[in-house]
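Colleague: Could you take me through one part of this model closely, the sheet whose strands all pair in parallel, and then place the rest of your findings around it?

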Amino acid sequence: MTVYEAIGRTLAHLGQTTVFGLLGSGNFLFTDDFARHHGGRFVWVRHEASAVAAAAAYAQITGNLGVATVHQGPGVTNTLTTLTHAVRERQPVLVLAGETGRGLNVNQTIDLPRFAAAAGARVERVLLAESAIDTIARAARTALRDRIPVVVGIPTDVQNQRIEWHDPVAPPTPNAPRAVASPGDIAAVADLIEGSRRPLILAGRGAVQSGARPALEALGERIGALYATSLVANGLFAGNEYSVGVCGGFGSTLVPRVVPHADLIISFGATINQWTAFHGELIERSKVVQVDVDAAGIGQYGAARYGLVGDAAETAAALLAELERRGFSSDGFRGTELAEQVRSYDAAAEVEPAAVEGLIDPRSLCIALDEALPAERTVTYDSGHHHWWPTPFLSVPDATGFLAAQGFQSVGVALGSAIGMAEARPDRIAVVLIGDGGTLMQLGELDSLVAHGRRVVVVIFNDGIYGAEVHHFEPLGHGTEHVEFGVRDFAGVARALGATAAVVRSPEDVAQAIGEWLPNASGPLVLDSRVDPAVRSERLQEAFRQH
């Protein structure tokens, strides 16, 4: 068989069913072989950046490898932003990239190792035909083991050479043994718990990846803890009456009223960065214990006073067993008036929407979406002024129901992420929230969503400005005319591309548009939401504190 046939077969042998990408001469043959002869699904996009964003989203939602493929040269360089995003989000992504033939120095030749290094990704290259199968398999193992994107360069002249097939070594299984903190460390943290009156359990990405919710909730029940999550773990404690939701700047107004009263915070798989700790203000009076499988991650942002190296679920179970052995239990935080506030909290009830004719308050928009959409949903958004609004008001059913496309804090990633999210969970309605600036950066992906027929609600916060810049610089006395572009007719563009679309100016418009689309939804619904540009997030200035 040829090398390109071996690559298609290797992907299938490794259990891959879906590849995202944009085809050129450098990646056409092996992608076509995978789809045509191995039952693979090729999901095309209109820009290579979206291919990597989609693969990263697919990896996060499924917990498995995400695969993207791009053409040589400019096809590779077009991925730089989303490749960096995938690195920051620690997603196992395999990027199969064409390379110009060996010994050639043509326009599309690039230094692939230096490019991958610039993004923080790893690189492999198929320089000999006989190494193709093992190189692809090794790259997949690396991506899954180290949770990092790996770019594999495949020169065009190698792809047509002939090799003999052999079974590659498969990637590791997800049920490998997990690290547990030492008994001495477990005992020391149990001592802290016994001395605590108001403990709080904070869960991050590591807790999601280890499936730690049952163990964390059992521990919380015994010690009377409240629960919170970092942004990327949003939804982990969905439905638990003692959860304050997302901790930090993206959380609700409940968070600063409750979290600073915790005298002990036990973090499982969360780095406790400036966003989660709100520049330290939420945790400055608390003892902080950080549990992480990666010793290098403990104390990375200076928050932790105590560190345990171990898997989130296993360490929580070990703490619970030690406390049971001691016969310790407590009402803890749950016996306080603050806990009652947590149980009865309604974020929507605290909103006093701005009343401007023909415009919708962005908070009201999110509340209306929450009420109109099915509870079983997946939600994503990228950066921009709009990203401060959804989390407190738009619920998700579990941790796989949320994806923050903000690893690089980039505008223009969310539509690509929505493509991968919708492919990963076609049983759920996918919801993507995006600004008008970000929409125009990736407008072509509306066409991709229409063509692939997935049920995606695209909510465009259409205020005619780059809101983050306007609301940051205008109060400082700077003119902002260079970031004020005017409102565009996204509904009209979406309809021209074949999508269902509606202009939204009120909560009633949201309910009507979704109500009419939902019963027979077979493609995207675009909500061109004319949001009030004067409504400014109170958290915005804090976000720029260190800039």
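Modeller: What follows begins with that sheet and its helices, and then turns to other places in the chain. The model is a predicted one, and the description should be read with that in mind.

The sheet is open and is built of six strands in the order 2-1-3-4-6-5, with parallel pairing. Its edges are formed by strand 2 (41–44) and strand 5 (122–125), each of which pairs on one side only. Averaged over the sheet and with direction ignored, neighbouring strands are turned by 25° against each other. At the strand 5 edge, four bridges connect strand 5 with strand 6 (residues 150–155) in the parallel sense, and within this pairing Arg 122 has Val 150 of strand 6 as its bridge partner. Helix 2 (residues 28–37) packs on the sheet, where it touches strand 1 (18–21), strand 2, strand 3 (66–70), strand 4 (93–99) and strand 6; the direction of helix 2 makes about 130° with that of strand 2. Helix 7 (residues 132–146), for its part, lies across strand 4, strand 5 and strand 6, and runs at about 170° to strand 6.

The loops that lead into these strands deserve a separate look. Gln 16 is placed in the loop between helix 1 (3–13) and strand 1, and with a relative accessibility of 13% Gln 16 counts as buried. Leaving aside residues up to four places away in sequence, Gln 16 touches Leu 11, Phe 34, Leu 65 and Val 67. Two arginines in other loops have a positive phi although neither is a glycine. Arg 90, with phi of about 55°, belongs to the loop between helix 5 (80–88) and strand 4, and its relative accessibility of 41% makes it partly exposed. Arg 147, with phi near 50°, sits in the loop between helix 7 and strand 6; its relative accessible area is 19%, and because the limit for buried is under 20%, Arg 147 counts as buried.

Strand 1 also contributes to an aromatic contact. A search of the whole structure finds five aromatic pairs, and one of them joins the rings of Phe 20 and Tyr 58, whose centres are 5.6 Å apart and whose planes stand at 65°, so the pair is edge-to-face. This pair links distant parts of the chain, since Phe 20 lies in strand 1 and Tyr 58 in helix 3 (residues 48–62), 38 residues apart. Phe 20 and Tyr 58 are both buried. A ring elsewhere has a charged neighbour: Arg 334 lies over the face of Tyr 242, at 4.2 Å from the ring centre.

Farther along the chain, strand 16 (residues 456–461) offers a second set of parallel pairings. Strand 15 (residues 429–435) runs parallel to strand 16 and is joined to it by six bridges, while five bridges join strand 16 to strand 18 (residues 525–529), again in parallel. Val 459 of strand 16 has a place in both pairings, as the bridge partner of Leu 433 and as the residue opposite Leu 527 in strand 18. Six of the six residues of strand 16 are buried, so this strand is largely enclosed by the rest of the structure. The covering extends to both faces, with Val 456, Val 458 and Ile 460 buried on one side and Val 457, Val 459 and Phe 461 buried on the other.

Strand 16 is also part of the surroundings of helix 16 (residues 362–372), whose buried residues are Pro 362, Ser 364, Leu 365, Cys 366, Ile 367, Ala 368 and Leu 369. What covers them includes helix 17 (390–393), strand 15, strand 16, strand 17 (500–504), helix 23 (507–517) and strand 18.

Cys 366 leads to a last point, on the cysteines. Its relative accessible area is 0%, and Cys 366 is therefore buried; Cys 247 is buried too, with a relative accessible area of 5%. A disulfide is a covalent bond between the sulfur atoms of two cysteines. With a cut-off of 2.5 Å between cysteine sulfur atoms, the count of disulfides comes to zero.

Conventions. Residues numbered from 1 in each chain as written. Predicted model: local features only at pLDDT ≥ 70, side-chain atom pairs only at ≥ 80, totals over all residues. Heavy atoms only, no water. Buried < 20%, exposed > 50% of the residue type's maximum accessible area, 1.4 Å probe, protein only. Helix = DSSP H or I, 4+ residues; strand = E, 2+ residues; numbered from the N terminus. Pairing = 2+ DSSP bridges. Contact = heavy atoms within 4.5 Å. Axes fitted to C-alpha atoms, helices over the stretch in contact; angles between N-to-C directions. Phe/Tyr/Trp six-rings, centres within 6.5 Å; stacked < 30°, edge-to-face > 60°. Lys NZ or Arg CZ within 6 Å of the ring centre and 35° of its normal.
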